[in-house]
Each structure stands twice: as structure tokens, then as C-alpha cells.
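Me: I would like to learn how to read metal sites, burial and cavities in a model. Can we take them one at a time?

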Amino acid sequence: MSDAGYDHAAVERRWQDAWEAADVYRTPDDVEDPTYVLGMYPYPSGKLHMGHVRNYTITDAYARYRRMCGDEVLHPMGWDAFGLPAENAAKERDTNPRDWTVECIETMRDQMDAMGFGYDWEREVTTCNPEYYRWNQWLFNRFYEAGLVERRDAEVNWCEDCNTVLADEQVEGEAELCWRCDQPVDTRELEQWFLRITDYADELLEAIDDLEGWPNSVRQMQRNWIGRQYGAEVDFQIDGHGSVRAFTTRLDTIHGATFFALAPDHPISERLAEQDDEIHHFIAHEADPDGDEPNGVRTDLTATNPATGEELPVFVADFVLSDVGTGALMAVPGHDERDHAFAQKHDLPIEPVIAPEPDDWDGETVPEAPDVSEAAFTDDGVLVNSGEYSGLDSEVARERLTEEIESAEDAVQYQLRDWGISRQRYWGTPIPVVHCETCGPTPVPDEDLPVELPAFINTTGNPLDEAEEWKQTTCPECGSEATRETDTMDTFVDSSWYFLRYVSPDLETAPFDRERANEWLPVDQYVGGIEHAVMHLLYSRFFTKVLADHEGLDHREPFANLLAQGMVQLEGEKMSKSKGNVVSPQRIVEEYGADTARLFMMQAAQPERDFDWSEEGVRSTNAFLGGLKQLVESVTVSEPVGEADPIAAYVDGEIDATIAIAGEEYEQLRFNRALRETQDLVGTLRQYVDATEPHAETVERGLAAAVRLLAPVAPHIAEELWETLGHEGFVVDAAWPTAEVDAGQVRKRRTLVENTREDVRQIIDVAGIEDPQRIEVVVAPQWKYDALEIAIESDADNLIGELMQESHIREQGDAAASYGQDLQAEREALSHTLGPDEEYAALEAAAWLIEREFDAPVTVVHATEVDERVLKNAEPGRPAIEIED
Ligand SMILES: [Zn+2]
Ligand SMILES: [Zn+2]
């Protein structure tokens, strides 16, 4: 322990025990509409890492702040306890996933308590318990009844390494790697259960506009993920195979189509492959939809372009995807980059049919066709080489072609796919279905839920498929022998509604208490990692909408405000076990205490930003807390007897200022700024105590404010100091300090004083003054404040002309012209200042700080008391400074 340190272990343990004994974080069922603050629940992987600590410190600090503001607060925690890593860990350690998971949960819960996170543990939710996952199964039945569950043969992403199916969202990057193990992902065909999220695609997309409390980046990621495109579908005739429908967003380019392409698994492709070895070989061995280059094989067929009657060669090509659009497309190499690359490779014609719109286009003349031999022109423009459509702009042409081509009609296409929830793993919720030879797949009736997992089966294949006894059952429809479904659910099902379970975690008749959920939801502030922008956050929105449509939930969106917290890095790099650059929260807590860890993190950066871990920063944070403790103790011991003099008035003003600004920053979750203000206040109080005989009421009020402003972030030491200051009750329950001042005015006063002190320092430094005798601070004349206001409001080109229309400014002659020029030069950056009398008062009150710093008397004077020479340098917000040496 350093000199500035304190016995953090004793302080933290003492208050954690006291909070627990008093049950201070409990949210009773009967509270009215509490403020719901939630951190994304963790996967119980072993120990908390710094990312967790940051995430949960943000929610904890905000929850504590709201509580002190007088809100009822709901701040629960739980465990995203199913998933493959537990299965792998169990195999490595020769145990089973349940024991491993329970052990991890115990450890992490203890660590959370040690961090001082104030959770209502009575509401803890653990998804791997049958009491929780039975409701996944129950919800599956409700989705099934609503027609939102489908069983389909589907090509699925398959990770050979993890031996599991992956959702599209779990395949990462252009290299298409498994999100868990970073190995390349394959595909295979399996019968799978799907949730029809695409039924909600339009609402999920359109409602994003109203999610004003979400970061724009996340909203945009969801929009892109849903990927709605407007276009047209149109038929091409293929001899011997009838009409084939193709989707395009660019019907305006149809005159430039030079070939037609089918997906490898399009029914026509499959028919052709049966008779044609080359096509068969391509489909079976060469087609690579994830490859960098488009590949294909030419068939003997031709397709008739419905706009021109031209016969186009037909290819089977791997860049056409059967689950996007119709699995068939018209290729226009002149105006699509991928088609262009394919045409070059296969030596196909490349025709320009769209020209860039000329700047001086009259809306009729057909422009010259562009050269598209080297690169496609992909923007909208004016049609050329398009018969009667030449000379139309792209948009008009699309409308007319859709009307005039007989088979064409408007169509919408989405990037979003239905959500495949089947996983061939053990550690998940069994999908509650029974397969009967007579009745087919049949849901397990609600009264037979939960379908519990059998004992752990350690296998590389599908574990439940090997649970012979467990598998055997009877059909709920006809009573004959049947087998259970052996797939388990994607764990994102668990997390799609867990925030509803916290409302009534022990309810045995429904997943959530409807009435209470309607009152308590949505989550007011949700905090978690940006990596969940499209999976968890989209699925949760989907579930909420389905529950609104079918289970009487009054809310269609789960999370009103979302904060995506930045990363904690080490030397600019993401901390990771594999890189070995991990700082352990446990060590930091042991060495410096939880309050130091929390405070360091929250003051290091705004929550959304990445920041670098700094051991030095941690030490200085620790020293700050130790110093504050000493200051509080010294004041309570010495019982100061100073007067309520002008210095005390200044300090009082600073206390109000800090309360006003820090409160505003807390409200916006900008903890770093709130904490900087609070630390500055502590600095001011320390100076006041060191430099004068302080006024007891002022110091005590200041310290009580500082302690409460720190309490959300450093709760243990705040409790300790609150008690030392002689207050009754917990600081967690104390009222948030308030001040009757305007934060905007206060900020201006701050800036003025800081700039003035900085200017004095500079002058002394530049002029080499060793022993200043007297410092004079001169407030600018009234007319300059008037001129500044005019300059801020004015949008005239000739600012000086406008200023000179004011007679009292014009009277200033050269001085006015000169100041006018300064204002003109700075025009974009001008901001309002205090008035001259307010500036005078602010500088008077702060003069003692300058006196102490430079050990010289300071006088603040009005403009009327000095001559022209000095006044020249005085501006609003920037007084002139004269120093005698
Ligand atoms: Zn994998
Ligand atoms: Zn049956």
C-alpha cells in the first residue's frame, strides 16, 4: 500500500456485507414502472474479463445514479449458460457441461460481488436450468401455432472443426470463417427448424427509424443486414424449360443483357447435370459461391430476352444464389461489376446501355454511349442503345419497362434469411418435437414440458442422437412409438427474451408476467458489445414483436436506449488470451480495489470509445481516492472555523457548478466528463483547505457533493466517506445533489477563469518575469460584447459594415474596425460569453486562485478605469492582463 493508498480490501468488504444485509438492490414486484437498466448477460466462460468489468460498471453506475435521483431501479443479472464452449471445456476436463457451467457461474458471481455491482440476485436467470429453458420450448410451441416455425431441407453453414451448423450471422468476414474457431466454413444439406423472421422483415426494418436511443452505427448495421431491395421480376423463356423468373434491381439495363445465369441448385441446373457431365462436374466440384471470382459453365440452352427478343446463352454460375431472389438472373456486363468480370472471363459481349447523365442534359437528347469495355458503369443515368427507351432516365425507364414488358412486375428482395435454430449439439434447449412415422414431426404438448436434457454424452457426432433411451418416446397424437427430435436450439433463442424473464423469474405458469412486463418494459438503458448489433439485437426485436402479436405484450421494441461500449485495449490492441496481453480484473481488484478499477475505467474514456489500459492511470486513480479519504478525514477532525468570505463564495459557486455540470453528464452517460468535474472540485476544495482557514459549511457541503458525485462509480469508498462526514444511511440511497444554477452559464465562467489563468502563466513565462509584483486583469468594454453578439447573430457578408451601423460601436473608430476584423476572421468559431459585469464578478471571485499561484496581489478592473493601450487587448471571454515586475 502506497502512502496515498488506503485499506481498500477492508472498506470494500465492509460495505458489500452491509449492502447485502440491508438488501439495498432488491426491486420488489410491486414497484411502479422502475427504470430498467441492463447489461448483456455474460456467457459463463470462467472468469470476468475487462470487457465484462467495463460493461457492468457502466450499467451499475447508471443504475446507482438513477436510484440516487429517486427512481425505482430494476438492475438484474443472469447467465447465458448454454453453448458450445461449455461442451468443449467439459470434454477437455473430463467433466460435464452442467458442472463446468455451475462452477463458472459461482466464480463469476463472486467476482461481480467483489466489484460492488448492485444486482437484485433474487431475479437471477440461468438459461441452462429446465425452469428457464422450458419456456424456450413453450415459446417454440407458440411460434409453431402462429405459423412461424418451419422444417425445411436446407443447405446450412457447417463448421467441420466445431462439428456444428452455424447461422449466417456466425459466419464472419469475407473469408467466411467460423465465429468460434476462425476456421473456414463449409456447407451441407440437413433438415432444419427455422423461425420465420422474414415475415417481420418490413417491420424490423421500418421501426429502426424510431429507435432514436440507439447508436446510428447499430441501426445502419441492422438495415444492411435486412437488406431490402426494390426491383422487378421478369420472365425469360428457355427453350424446353418454359419461362424462368429472374429478379433485378436494374430493369433499365435489360437491353444490355448478354447472357442469362442459373444458380447451381436451380431445378433446371440439376436436370441438366443429370445428362451433362461437364455441368455435373462444375456443380459438384468447381462451384464456389464464396470464391473471389465468378465461375460458370455454358449450357446448350438459350433464353429469350423479353425486351428485345434476342437469344442469350445460358450459364450455370456460382455467383447466382438460389436463396437470393429467384436463383436466376439476367446478366448485364456493361453495368454490373460481377457480370463484367464473368463476361471478360468467358469472352461474352459487353454492351453499354446506360450513359452518365450529361451536366447540361435537356432531358431528351440521347447522350453518347460510354466505354464499358474495361469497367462497368454501375450508376443510374440515361438509356442508350435501348430502342424506344433510349433517352429516358433510369428511373423513368424502370417504371415504363415494368409496365410494358408483359411478365414484369415490381418485386422486393431481402438479404435477411429465416433463422435456422437447429444445432447438432448437446448443451442447448432440446427442440420440443417428436417424430412419428404416421403423424410426422409433432410438437410436444405444453403439459409435457420441459423436455429435459439427458445426461451428458461425449461424442463428436450429434449427442442426443446417441441417447438411445432418451430418444424413445410415444407420439402425443396417436400414441404409437416415436422418437424425439435430437437437435437443440441456437442459444440466441435463450437471449431473445431473457430480459422478460427478469420481470418474474420464478413464475411457473408463463415465461413472464404479462401485466408486469407491460408496465416494466422496455429496458430503459441497455449496454453491451457492438458484436451483438445484428444477431442478438435483431432476434430480440423479432421475439418482442411476435410476443406483442400473440402473447399480449404491449411493447413492440425491447430496448429504448442502447449503448455499445468500446473495447479495453492494451497498447492499442484488443486484449485476448491467445495474444497473452490480458490484464486480469482480479489482480487489479486485489492490488488497488474495485473502486479504483471502476473509477479508472469510467474516467479513461467515454463509454462508447476504445481506450488503452494504463497501470500508471490506475495508480493515480488509486492515489486520488486515498487523497480524498485523507482530505475528508482531516476536515472532520480539524473542525474549521473560517468565515463565509468572498473566497468561500467562490468555492460555493464551484460546488454548484460541479453539481450542475456533472449531473448533466451523468444523464448522458458521459461518466468521464462528470468524473473530471468531480475531481476538479476535489482539487479546488483541497486548495481551499490548504490555503485558507476554510468556512466549515462550505467545505462540508463541497465534500458531501463530491462524495455523492463519485458514489455511482466508486460506491464503497463513497459509503465510507459519507459515513465519515456524519451522514445517516447509505450513500446509495442518498439524494443526488442538486444546484440552482444554469450549467451553460457555469461552463462559460469556468472557461473564462481557466483561460485567464493560462494567459497569466504564458505572459510570465514569455516575458521571463521572475517575481511578479502586481497583476491587473482588465475586463473588455461593453461595446465589444455588443459587437460579438451582433457577429454571432449576423449572416451578412459585410460584418464590419453591419457593426458600423451601431453608433456606439462606430464611435470607437479604429478600435472598432480592428476588432471587427478580428471577429470576421474568427467568425465560424465565435461563441457567446458572459456579460461584462458577470465576467467581472467571476474574475473577482477567482482572483485568490491567481494570487496563490503567482504569489502577487491581483486586481480586477472595469474597462472604464484604464486607457486605450491596455483596452486594445481586452476581449469578451479574454480579459487584458497587465503584470508589474
Ligand atoms: Zn468452428
Ligand atoms: Zn403419431
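**Reading the sites**

Reply: We can start with one residue of this predicted model. Cys178 has a relative accessible area of 0%, so Cys178 is buried.

Me: Which ion does Cys178 help to coordinate?

Reply: A metal site is read from its donor atoms. Here the zinc ion (ligand 1) is coordinated by the SG atoms of Cys159, Cys162, Cys178 and Cys181, at 2.2 to 2.3 Å. Along the chain these donors have the spacing C-x2-C-x15-C-x2-C. Cys181 is partly exposed, because its relative accessible area is 22% and buried means under 20%.

Me: What is the geometry of the site of the zinc ion (ligand 1)?

Reply: Four donors count as tetrahedral if all angles lie between 85 and 135 degrees. The four donor atoms of the zinc ion (ligand 1) make angles of 103 to 113 degrees, and the site is tetrahedral.

Me: Which residues coordinate the zinc ion (ligand 2), and why is the arrangement around the zinc ion (ligand 2) called tetrahedral?

Reply: The donors are the SG atoms of Cys436, Cys439, Cys475 and Cys478, at 2.2 to 2.3 Å. The arrangement is tetrahedral because the angles subtended by the four donor atoms are 106 to 112 degrees. The spacing of these donors is C-x2-C-x35-C-x2-C.

Me: Which parts of the chain does the pair Cys439 and Cys478 tie together?

Reply: Cys439 is in the loop between strands E21 (433-436) and E22 (440-443), and Cys478 is in the loop between strands E23 (472-474) and E24 (481-484), so the pair ties together parts 39 residues apart in sequence. Cys439 is partly exposed at 32% relative accessibility, and Cys478 is partly exposed at 40%.

Me: How many cavities of 30 Å³ or more are there in the whole structure, and what lines the largest cavity?

Reply: A cavity is described by its volume and its lining. The search finds three cavities of 30 Å³ or more, and the largest has a volume of about 200 Å³. It is lined by 17 residues, of which Gly83, Leu84, Arg180, Arg423 and Arg425 are the closest to its centre. Helix H3 (84-93), strand E6 (164-166) and strand E25 (488-489) each give two or more residues to this lining. E6 gives the largest share, three residues. By type, the lining of the largest cavity has six nonpolar, six polar and five charged residues.

Me: Is Glu665 buried or exposed, and what is Glu665 in contact with beyond its neighbours within four places in sequence?

Reply: Glu665 is part of helix H20 (residues 646-667). At 1% relative accessibility, Glu665 is buried. Beyond those neighbours, Glu665 contacts Arg670, Arg673, Ala674 and Arg747.

How values were computed:
Residues numbered from 1 in each chain as written. Chains lettered and ligands numbered in written order. Predicted model: local features only at pLDDT ≥ 70, side-chain atom pairs only at ≥ 80, totals over all residues. Heavy atoms only, no water. Helix = DSSP H or I, 4+ residues; strand = E, 2+ residues; numbered from the N terminus. Buried < 20%, exposed > 50% of the residue type's maximum accessible area, 1.4 Å probe, protein only. Contact = heavy atoms within 4.5 Å. Donors = N, O, S within 2.8 Å, 3.2 Å for Na, K, Ca; no water. Tetrahedral: all angles 85-135°; square planar, octahedral: opposite > 155°, others 65-115°. 1 Å grid on protein atoms, 1.4 Å probe; cavity = no way out; pocket = protein on both sides within 12 Å on 5 of 7 lines; lining within 4 Å. Points joined across faces, edges and corners; volume = space filled by probe spheres on them. Nonpolar A, V, L, I, M, F, W, Y, C, P; charged D, E, K, R; others polar.
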